[in-house]
2 protein chains.
Amino acid sequence: MTSTPEPPGSARPGGRTARNTAAVLRATLDELGEHGYAGLTVDRVAVRSGVHKATVYRRWGGVDGLLAAALEWSAREHDWAPTRTGTLEGDLLALAEDVRHGFTDAPEGAVSAASIAAALASPVAAEALRAFMADRHERSAAVVAEAVERGEVPEGTDAVEVVRCAVAPVYHRLLVGREPVSDVDLRRAARIAADAARAGAFVSRD
Amino acid sequence: MTSTPEPPGSARPGGRTARNTAAVLRATLDELGEHGYAGLTVDRVAVRSGVHKATVYRRWGGVDGLLAAALEWSAREHDWAPTRTGTLEGDLLALAEDVRHGFTDAPEGAVSAASIAAALASPVAAEALRAFMADRHERSAAVVAEAVERGEVPEGTDAVEVVRCAVAPVYHRLLVGREPVSDVDLRRAARIAADAARAGAFVSRD
C-alpha cells in the first residue's frame, strides 16, 4: 500500500502504476474467462500480467480483491449504456438480449458466470457484484424514466423493478433452470414487463 | 460399479449398500452446506460418512458425481409439493416465499448456493441442477393447471413460464443483484405473474 490512500491506478496517470493496474486487472478477467473462479490464482495472474506476485498481493490482497477490482475496472472502462429503440418494450427486449449475450458470448460469458460463482463463495466478491449490478440497474433505469416522460408508463413507476422483471426470467434460465434462452423467451419477458409497467403494476402501493 | 446397472442404493434395500448410499449423500449435502462447492472433497465426504474413500470414488467418480447424486437423492427424499392457498396469486406467492427460504435458511441456503455455483463450474453439476429444477417446475406447474381448471386463467397458458415469472425476480435479487428480498418484493412478483396469466400473456402466440 502507498502511504496515502488513492484509488487503484491513480498514481502517475499513464505511468507504471497505471500500466501495472490495467495489466493485472485485464489478466484477472482473462484468467476468469479461461479457468473460471475456481481456477483463479494470484500466481497465474502475476505470470500473465508480468507484474510481480508480491506486488499483486500487496495491492489486491488475493483472489477476491483481484476479482472485486477487475469487476469495478470493467464497469468503468466499458461505460455501458442501454440501447434505445423508441418504445419501452423494445428497450426492455434489448436489455434482455444483452443479458443473453453476456452469458453466451465468449469470453464475456465465462467472466459473467465466474462473477456469479465467486459471489456465492466470497463476501468480497458478492459486494463487488452487488455494486456492479447496482450501477447496471441505475443505467438501465433510464429507459423506464424516458417511458415515463413519453407518457407510456405512469409517474411513480419503480424503474429498476421494471428492468428486473424483463431480465430476471433470462437469468433464471441461464443460472437456475440451466435452459437455453430463445428469442420467444426474450420477447415474452419484455412484453410482460412492459405491459405490467403500462398498467401501473410497478407503482409502489404496498 | 456393480456388474449389472441399477439405480444407486437399490441393491439390497435397507442393506449395507442402501445405508452407505444414504450416509454418503447426506454427508455430501452437509459438506456442501458447511463448506460450499469449493470446499467439497471426496476425502471429507468419506470421513464424514464413514464409507471408504475408494468406495466413494468407485460409486460416484468424484466430487461432481457426488453432487449430482445428492441433488437427485434430495429431490426424491423430500417429495416436495407446492402450497395450495385457493388462488393463483396466493399459490405463486407461496412459491416465491419457498425460494427465499431455500436460500436464506440454514443449512438449505448454503446447499442451494453451492448447487448454483457447482453448475457454473461443472457440466455434470449443471445437468444435475437442470434435472432437479425441471422436476420442481413440473410439480409447481400444478398450481397453474388448477387455476386453469378453476377458470382463473385461460386454456393454453404455459404453466412453467407463469411460475418462472413469479420466482425469477427473487432468484435475481439473491444471485445477481445480491439484494435482500422483502415481503413487498415477493408480493409484487406474485401479483405481476398472476395478473399477466389472467390477461393471457402466457398463452403461446409467438
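## Helices and loops

A helix here is a DSSP run of H or I at least four residues in length, and helices are numbered from the N terminus. With that in hand, take B:Asp79: this residue is found in the loop between helix 4 (63-78) and helix 5 of chain B. Keep in mind that the whole thing is a predicted model.

Chain A has nine helices and zero strands, so reading from the N terminus you just get α-α-α-α-α-α-α-α-α. Much of what follows is about the loops that sit between those helices.

## Chain A as a whole

Chain A has 206 residues, and buried residues make up 51% of them. Its C-alpha atoms fill a box of roughly 55 × 35 × 30 Å when you take it along the principal axes. How does the chain fold back on itself? Look at contacts between residues at least 6 apart in sequence: 64% of these join residues at least 24 apart.

As for the outside, the accessible surface of chain A comes to about 9400 Å², and carbon and sulfur atoms account for 54% of that. The chain carries 24 positive and 29 negative charges, and the mean positions of the two sets are 6 Å apart.

## Two copies

How do chains A and B relate to each other? A turn of 180° with a shift of 0.0 Å along the axis lays chain A on chain B, and the RMSD is 0.0 Å. The two copies are therefore related as by a two-fold rotation axis. The same surface serves both of them, with 100% of the contact residues of chain A recurring in chain B.

## The cysteine pair

If you're wondering about crosslinks, a search of the whole structure turns up zero disulfides over all chains. A:Cys165 is in none, and the nearest cysteine sulfur is that of B:Cys165, 5.0 Å away. Why is there no bond between B:Cys165 and A:Cys165? Because their sulfurs are 5.0 Å apart, which is too far for one; the cut-off for a disulfide is within 2.5 Å.

Are these cysteines buried or exposed? A:Cys165 counts as buried, at 9% relative accessibility. B:Cys165 is buried too, with a relative accessible area of 8%.

## Backbone oddities

Most residues other than glycine have a negative phi, and most peptide bonds are trans. A few spots here go the other way.

Start with the prolines. In chain A, a cis peptide bond joins A:Ala106 and A:Pro107, with omega about -5°. A:Pro107 sits in the loop between helix 5 (88-104) and helix 6 (108-121) of chain A. In chain B, B:Ala106 and B:Pro107 are likewise joined by a cis peptide bond, and omega is about -5°. The place of B:Pro107 is in the loop between helix 5 (88-104) and helix 6 (108-121) of chain B.

Then there's phi. B:Asp79, the loop residue mentioned at the top, is not glycine, yet its phi is positive, near 45°. B:Asp79 is also exposed, because its relative accessible area of 56% is over the 50% cut-off. B:Arg178 is another non-glycine with a positive phi, about 55°. You'll find B:Arg178 in the loop between helix 8 (159-177) and helix 9 (183-198) of chain B. With a relative accessible area of 24%, B:Arg178 is partly exposed.

## Two loop residues in chain A

A:Thr41 is in the loop between helix 1 (16-35) and helix 2 (42-49) of chain A. At 31% relative accessibility, A:Thr41 counts as partly exposed. A:Glu31 is 10 residues away from A:Thr41 along the chain, and their C-alpha atoms are separated by 8.5 Å.

A:Asp158 lies in another loop, the one between helix 7 (123-149) and helix 8 (159-177) of chain A. A:Asp158 is partly exposed as well, with a relative accessible area of 27%. What does A:Asp158 touch, not counting residues up to four places away in sequence? Its contacts are A:Phe202 and B:Arg188, with B:Arg188 belonging to chain B. A:Val203 is 45 residues from A:Asp158 along the chain, while the C-alpha atoms of the two are separated by 6.0 Å.

Definitions and conventions:
Residues are numbered from 1 along each chain as its sequence is written. Chains are lettered from A and ligands numbered from 1 in the order in which they are written. This is a predicted model: local features need pLDDT of at least 70, side-chain atom pairs count only at pLDDT 80 or more; totals for chains, interfaces and linings use all residues. Side-chain values use heavy atoms; hydrogens and water are left out. Copies are superposed by least squares on the C-alpha atoms of residues with pLDDT of at least 70 in both. Contact means heavy atoms within 4.5 Å. Buried means under 20% relative accessible area, exposed over 50%, partly exposed in between (1.4 Å probe, protein chains only). Accessible areas come from the Shrake-Rupley method with a 1.4 Å probe; for residues, only the protein chains shown count as cover. Lys and Arg count as positive and Asp and Glu as negative; His and the chain ends are not counted. The place of a charge is taken as NZ of Lys, CZ of Arg, CG of Asp or CD of Glu.
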